[in-house]
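Student: I am new to this structure and would like a close look at a single part of it. Could you take me through the pockets and what lines them?

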Amino acid sequence: SPTPPTPPSQTRTLLAMGDSLCTGQLPEPKGTIFFSDEGYVDTLFEYLQDNHDFTTLEKVCCPGEDSQELINPIPDPPISDGSFCYPTEQSGVPSQLDAAVAALESNNVGLISISLGANDIFTCGFAPNPEECVTTLLERLVVNLTTILTTLTNGASAPTPIIAMVPYNPFLAFYLSDVPQEQALVPASILSTVALQTTATQVYSQFQVPVVSGNDVFDGLNNSTLTVVEDGIPQNVFNICMYTGMCEETESGYVLKSTELRDIHPTPEGYEKLGVAHFELVDELLM
């Protein structure tokens, strides 16, 4: 008699990797909530539970992580300050990438989500030669992303779909600054964010990984003036103020927060927008 079909596994896991966008770090109170259940990954997981029978969310991500630290968490100044989370003392997992491979080996992972890139280049805005800094670090990102994706592909016992997100540009909020050095970061940050998106997307495409652009989600390149807003700020600045912790709303419109309070991370509403932006691509991946 024919062999009956194997029943499906009772678990289906979303494996989340990357930086503080993955951990759901919140902007308020600043510097106090590094891990939350209000991140984009949590929005995505709820959707997967309701629509694709996912049962488990495993986050191996770490705040502040860049592509170098994800592979090798040991500090290597000036290239890397080292990982905030790895190696883990209790389990002895050497790196985030090792943790992801272990999850692939032990769980029924149905989808891998990656958020990476912001910490690779955003410090370049303060470098003596920002353009040279971006070029150098994007070259490193290409090498590291290729290593990460190759390792994940080889570490999975079965082909496992991957979806990636590249970051938005929080420094658009400096349009509202009255400090010339901060104002100068706006055009420079637009160039570096676009370069990051282009470079990362090219690497991801080589591995058939679809990409959600945080820049697109927050309309980061739309600098048309909002005449309906009292202070007439550009659409992209308005969106960054609305969906991150960079600004505060006053009776006359948004103003830049003081240096000690401003935060690049999304609000819960911002995270939800980023999560929802994954839905259509995920449906296509899991068809």
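**The pockets and their surroundings**

Tutor: Happy to! In the protein chain, 70% of the contacts with a separation of 6 or more are between residues 24 or more positions apart. Please keep in mind that this is a predicted model.

Let us set the scene before we go in. The protein chain holds 12 helices and nine strands, and 51% of its 287 residues count as buried. Its C-alpha trace spans about 75 × 40 × 35 Å along the principal axes. A compact globule with 287 residues would have a radius of gyration near 19 Å, and the protein chain has 20 Å, so the two agree.

Now for the largest pocket, which contains about 960 Å³ of space. Its lining is made up of 39 residues, and the closest to the centre are Gly64, Ala118, Asn119, Phe122 and Thr123. Four elements give two or more residues each to this lining: the helices α1 (20-23), α5 (118-121) and α6 (130-155), together with the strand β9 (263-266). Sorted by class, the lining of the largest pocket includes 18 nonpolar residues, 11 polar ones and 10 charged ones.

The second largest pocket has a volume of about 240 Å³. Here 15 residues form the lining, with Pro130, Val134, Ala188, Leu191 and Ser192 the closest to the centre. Two helices, α6 and α8 (185-206), each supply at least two of the lining residues. The largest share comes from α8, which contributes six residues. By class, the lining of the second largest pocket has 10 nonpolar residues, four polar ones and one charged residue.

You will have noticed α6 in both descriptions: this helix gives two or more residues to the lining of the largest pocket and at least two to that of the second largest pocket. What span should its 26 residues have at 1.5 Å a residue? They should span 38 Å, and the end C-alpha atoms of α6 are 36 Å apart, so the expected and actual spans agree.

Many residues along α6 are buried, among them Cys133, Val134, Leu137, Leu138, Arg140 and Leu141. Further along the helix, Asn144, Leu145, Ile148, Leu149, Leu152 and Gly155 are buried too. Val134 is a good residue to find on your screen, as it is buried in α6 and is also one of the residues closest to the centre of the second largest pocket.

Methods. Residues are numbered from 1 along each chain as its sequence is written. This is a predicted model: local features need pLDDT of at least 70, side-chain atom pairs count only at pLDDT 80 or more; totals for chains, interfaces and linings use all residues. Side-chain values use heavy atoms; hydrogens and water are left out. On a 1 Å grid over the protein atoms alone, a cavity is a set of points where a 1.4 Å probe fits but cannot get out, and a pocket is an open set with protein on both sides within 12 Å along at least five of seven lines; lining residues have an atom within 4 Å of a point. Grid points are joined across faces, edges and corners, and a volume is the space filled by probe spheres set on the points. Ala, Val, Leu, Ile, Met, Phe, Trp, Tyr, Cys and Pro count as nonpolar, Asp, Glu, Lys and Arg as charged, and the others, Gly among them, as polar. The expected span of a helix is 1.5 Å times one less than its number of residues. Buried means under 20% relative accessible area, exposed over 50%, partly exposed in between (1.4 Å probe, protein chains only). The radius of gyration is taken over C-alpha atoms; the globule rule is 2.2 Å times the number of residues to the power 0.38. Contact means heavy atoms within 4.5 Å.
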